[in-house]
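Visitor: I would like to talk about the empty spaces in this model. Could you show me the structure and explain how such spaces get their names?

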Amino acid sequence: MPKVLLFGTGSLGACYAYVLAKAVGEQNVITICRSNFDEASRNGFTIHSKLWGDNLKFRPRVARSVTDAVQQLASSSSSSEQQGFDFVVVAAKALPTNPSIAELIAPAVAEGKTAIVLIQNGIGIEDEYAARFPKNPLLSTVAYFPATQVSPAVIQHKEVELLHVGAYPATTASLEHKQAARGFVDLIAKGGATAVLHEDVQRERWVKLLVNGSWNPVCALTRLRDREFIDANSGVNLGIDFEDDKDRGKGEGVRFIRDVMLEISAIAQAYGYGDVNEEMVDFQIGRAVARDLPGVQPSMLADVFEGRSLEVDAIVGNTVRLARKKGVAVPMLRTVYLLANGLSESFSRKSPN
């Protein structure tokens with residue numbers, strides 16, 4: 001039976017730990033926990049899901065560190081069993097750390113065997129793992145899974161769940177690495193969730209980035225949900241009008257978000273994803289405009305309210321860097337990045353006496 005390590009067992013990680021435990025058995029899943037370690041150790045996890053049911057309890061094995069997890073696996077494996085984890089699933093936030101997450105998971109990665117699965121936001125996040133583990137399957141994913149840890153080891157999950165999966169890099173992934181991606185998709189399905197296998201999953205990252213790279217930092221900076229931001233700027237008149245302006249009458253807030261999304265779309269197209277286009281931007285704008293107040297609270301806004309560091313580098317900073325490599329001008333994204341990065345940095349600095 002496959003052995004799975006979950007690195008980052010917060011809201012999203014705990015839900016996928018539940019799915020994988022259903023597929024391979026609780027004893028074959030080890031979760032790395034931090035603030036929820038004590039509760040998870042004593043009572044396991046509880047998930048309240050609008051999709052799967054209420055009060056779902058499960059008890060995977062729990063560890064404080066990767067080293068502890070490796071020791072637990074070794075002590076419970078018979079000499080006849082192949083040693084090492086089959087999958088290391090990284091569901092921690094994509095934040096810069098020292099050591100890096102790639103270094104932190106290294107003790108659990110058996111060269112050439114362990115598949116590394118990245119369930120993280122952002123773009124261009126895979127390269128450090130590919131460089132650190134060149135012989136291992138690397139699976140990049142895009143998750144649509146609204147979940148919140150309402151108290152230690154207690155998760156509320158709404159009705160949406162979908163995971164897009166693909167081997168990385170798509171152009172050079174070996175057959176063995178693609179088979180690892182297929183194997184992980186099959187495990188997710190066996191556990192009762194939904195996963196879609198892609199030959200090139202990066203298109204799905206760019207699609208999600210249209211929303212994440214615009215609404216996430218803007219809502220964080222303004223402390224407003226998406227629909228609240230639209231409403232707050234609906235009466236603003238900057239004296240700018242264009243005959244072909246699709247957003248005339250919707251307010252400057254909508255026009256601003258659309259311009260940011262169009263910069264992201266231009267970068268995606270420069271990298272060969274032509275259908276991440278203006279039509280897709282208009283669709284995403286229409287979804288936000290149609291929502292009832294107060295609208296959706298993106299993850300960065302939730303982090304701001306809690307005074308936590310933001311995933312701004314993985315989501316916006318990397319987007320700006322990729323734009324520069326292709327010579328795509330992104331003045332709005334650059335501005336948004338610098339402001340949001342400053343906000344994130346402020347949370348880690350001590351207040352003056």
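Guide: Gladly! This is a predicted model. Let us begin with α7, which gives the most to the lining of the largest cavity, with 4 residues.

Visitor: Why is that space called a cavity?

Guide: A cavity is a set of points where a 1.4 Å probe fits but cannot get out. The structure holds 1 cavity of 30 Å³ or more, and about 80 Å³ of space lies in the largest cavity.

Visitor: What makes a residue part of the lining of the largest cavity, and which residues are they?

Guide: A lining residue has an atom within 4 Å of a point. For the largest cavity these residues are Q120, N121, G122, V142, A143, R205, K208, L209, N212 and I315. Both β8 (138–144) and α7 give two or more residues to this lining.

Visitor: How do you know how polar the lining of the largest cavity is?

Guide: Its residues divide into 4 nonpolar, 4 polar and 2 charged. Gly counts as polar, so G122, one of the lining residues, belongs with the polar ones.

Visitor: And what makes the second largest pocket a pocket?

Guide: A pocket is an open set of points with protein on both sides within 12 Å along at least five of seven lines. About 460 Å³ of space lies in the second largest pocket. Of its 19 lining residues, G124, Y168, Q202, Y271 and L322 are the closest to its centre. Two or more residues come from each of α7 (202–212) and α13 (312–326), and α13 gives the largest share, 4 residues.

Visitor: How does the lining of the second largest pocket divide by residue type?

Guide: There are 10 nonpolar, 4 polar and 5 charged residues in that lining.

Notes: Residues numbered from 1 in each chain as written. Predicted model: local features only at pLDDT ≥ 70, side-chain atom pairs only at ≥ 80, totals over all residues. Heavy atoms only, no water. Points joined across faces, edges and corners; volume = space filled by probe spheres on them.
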